[in-house]
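Thanks for sharing this one. Here are some notes on side-chain packing and contacts, for reading with the viewer open.

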Amino acid sequence: MKTIANDMKNHVLTGISYMIPLVIAGAVIMAISRVGGSLYGITDIWDASHAESGNSLIRLLHSIDGFGGTALGLMFPVISAFIAYSVVDKLGIAPGLVGGMLVKDINAGFLGAIAAGLIAGYVCLFIRNHVKLPKSMASVVPVFLIPVLGTLSTVLAINYVVGVPFAALNVGLENWLNGLSGGNQIIMAAIVGGMVGFDLGGPVNKAAVTTAMALLTSGVYAPNTAAQVAIIIPPIGLGLATLFAKKKYNNELQEAGKSAIIMGLVGISEGAIPFAVESPLKVIPTTVIGSAIGSAMAVGLGAVNQAPISGFYGWFTVEKWPIYVLSIAVGALFVAISSALLRNKDAGIDTTIIDLDEEFDEEAWEEEWQS
């Protein structure tokens, strides 16, 4: 049972990895058009009326926004198709695509797309493994039976079994998130931020980030704002800790700290992993709390990030970007200061300072370290 659950988790993560570039491309293209529209005082560049504008640049920006929307519209078919692909290779792509399109049409949301991909993949896998035809007809299975039966089974299951509850759940979630205000919205942001800061690119992190990005298609921006702030706080904070408390970190972690700051600035939370692996009980609580603080502050003070971009190159497209950047700084400083204070001078690692004026006896040092 545990193996099946692990396999399903890996299939879902595969689908997510194929979906993320598409979501980023679509959202960034839309952000470009909306920033361009704002230069003309237009806050609804997506509105159809701008297609008839007398200004050719405004018409172009309107078209660009539509192109980005087209890319985002492929999100559910793509994640569904590649989850199925992970399960049964290319045999699952066609049923997965159709299942994902149906999910999009009935508004079954991100969870519905995951369900469609898994159903398509395992149905196709079952047909491939259990339908045996004579050798002369063996080629019929992959080119006819699997696409037809796999697709039909998937859409029937989605439309009549799992689609309705997932659609209701998705609509309920959207309404709940849109209805949040004040303290409730801040709590939601803190939870999302804490999840992102927990395993630094692992399953909990990806669950929070991908769900937040999926909600962008419904015009729900607060979870994405919280997630994008939280992505970069741990690596920047832990990188700063190696500068604030240099003597508490060996040379290897000091170098990792420099890399972590750079990775954080471009939106890669995995830069914090070396520190979390080396001292998880001290590092992970600080990254969770620091990320939660930064996310709650950004959302609570009204920053809005409409694109799935956490790197510095997207900060200035955020509504109320000074607050957004300040929230990142506050969260990162909390991580840096608390990590430095909690860390012992040696932290289980030999941090003996070597007098560089003396000749270094490597063999003697290794014997002492091993003892």
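The points below go through the nonpolar cores, the salt bridges, the aromatic pairs and two buried serines.

1. First, a reminder on the source: this is a predicted model. Please read each distance and angle below as a property of that predicted model.

2. Let me begin with the packing. The largest nonpolar core has 63 residues, and the members that touch the most others are Ile79, Phe110, Val196 and Phe275. Helix H9, spanning residues 222–244, is the biggest contributor to this core, giving eleven residues. Two domains take part: domain 1 (1–179) and domain 2 (182–342) each supply at least three residues to the core.

3. Val196 is a handy place to centre the view. Leaving out residues up to four places away in sequence, Val196 touches Asn205, Ala208, Val209, Ala227, Ala230 and Ile231. Apart from the largest core lies another core, made of nine residues. Val88, Cys124, Val141 and Ile146 are among the members of that nine-residue core.

4. Now to the charged pairs. How many salt bridges does a search of the whole structure find? The search finds two. One of them joins Lys258 to Glu255, with 3.2 Å between the closest N and O atoms. Both residues sit in helix H10 (residues 251–265), and their spacing of three residues is about one turn of the helix. As for solvent, Lys258 has a relative accessibility of 48% and so counts as partly exposed. Glu255, at 45%, is likewise classed as partly exposed.

5. The other bridge pairs Arg343 with Glu278, and here the closest N and O atoms are 3.0 Å apart. Arg343 belongs to the loop between helix H13 (321–342) and helix H14 (362–370), while Glu278 is in helix H11 (residues 273–278), so this bridge ties together parts 65 residues apart in sequence. Is Arg343 buried or exposed? Arg343 is buried, because its relative accessible area is 7%, under the 20% cut-off for that class. Its partner Glu278 is at 24% relative accessibility and therefore counts as partly exposed.

6. On to the rings: the structure holds four aromatic pairs. In one of them, Tyr18 and Phe82 have ring centres 4.1 Å apart and planes at 10°, so the pair is stacked. Tyr18 lies in helix H1 (residues 2–38) and Phe82 in helix H3 (residues 75–88), which makes this a link between distant parts of the chain, 64 residues apart. Both rings count as partly exposed, with Tyr18 at 39% relative accessibility and Phe82 at 22%.

7. Tyr18 has another ring partner to look at. Tyr18 and Tyr85 form an edge-to-face aromatic pair, with 6.4 Å from centre to centre and 85° between the planes. Since Tyr18 is in helix H1 and Tyr85 in helix H3, the pair ties together parts of the chain 67 residues apart in sequence. Tyr85 is partly exposed too, at 28% relative accessibility. Together, Tyr18, Phe82 and Tyr85 make up one aromatic cluster.

8. Next, a polar side chain in helix H1: Ser33. Ser33 is buried, with a relative accessible area of 0%. What does the side chain of Ser33 meet through a polar contact? The partner is the side chain of Asp65, at 3.0 Å. Not counting residues up to four places away in sequence, Ser33 touches Ile45, Leu61, Ile64 and Asp65.

9. Last comes Ser327, in helix H13. Ser327 is buried, with a relative accessible area of 0%. The side chain of Ser327 reaches the backbone oxygen of Ile323 at 2.8 Å. With residues up to four places away in sequence left out, the contacts of Ser327 are Ile233, Gly294, Met297 and Ala298. You could also check Ile293: its C-alpha atom is separated from that of Ser327 by 7.9 Å, with their positions 34 residues apart along the chain.

Methods. Residues numbered from 1 in each chain as written. Predicted model: local features only at pLDDT ≥ 70, side-chain atom pairs only at ≥ 80, totals over all residues. Heavy atoms only, no water. Core = buried A, V, L, I, M, F, W, Y, C linked by side-chain atoms within 4.5 Å. Buried < 20%, exposed > 50% of the residue type's maximum accessible area, 1.4 Å probe, protein only. Helix = DSSP H or I, 4+ residues; strand = E, 2+ residues; numbered from the N terminus. Domains from an automatic or database assignment. Contact = heavy atoms within 4.5 Å. Salt bridge = Lys/Arg side-chain N within 4 Å of Asp/Glu carboxyl O. Phe/Tyr/Trp six-rings, centres within 6.5 Å; stacked < 30°, edge-to-face > 60°. Polar contact = N/O pair within 3.5 Å; in protein donor to acceptor, adjacent residues only side chain to side chain.
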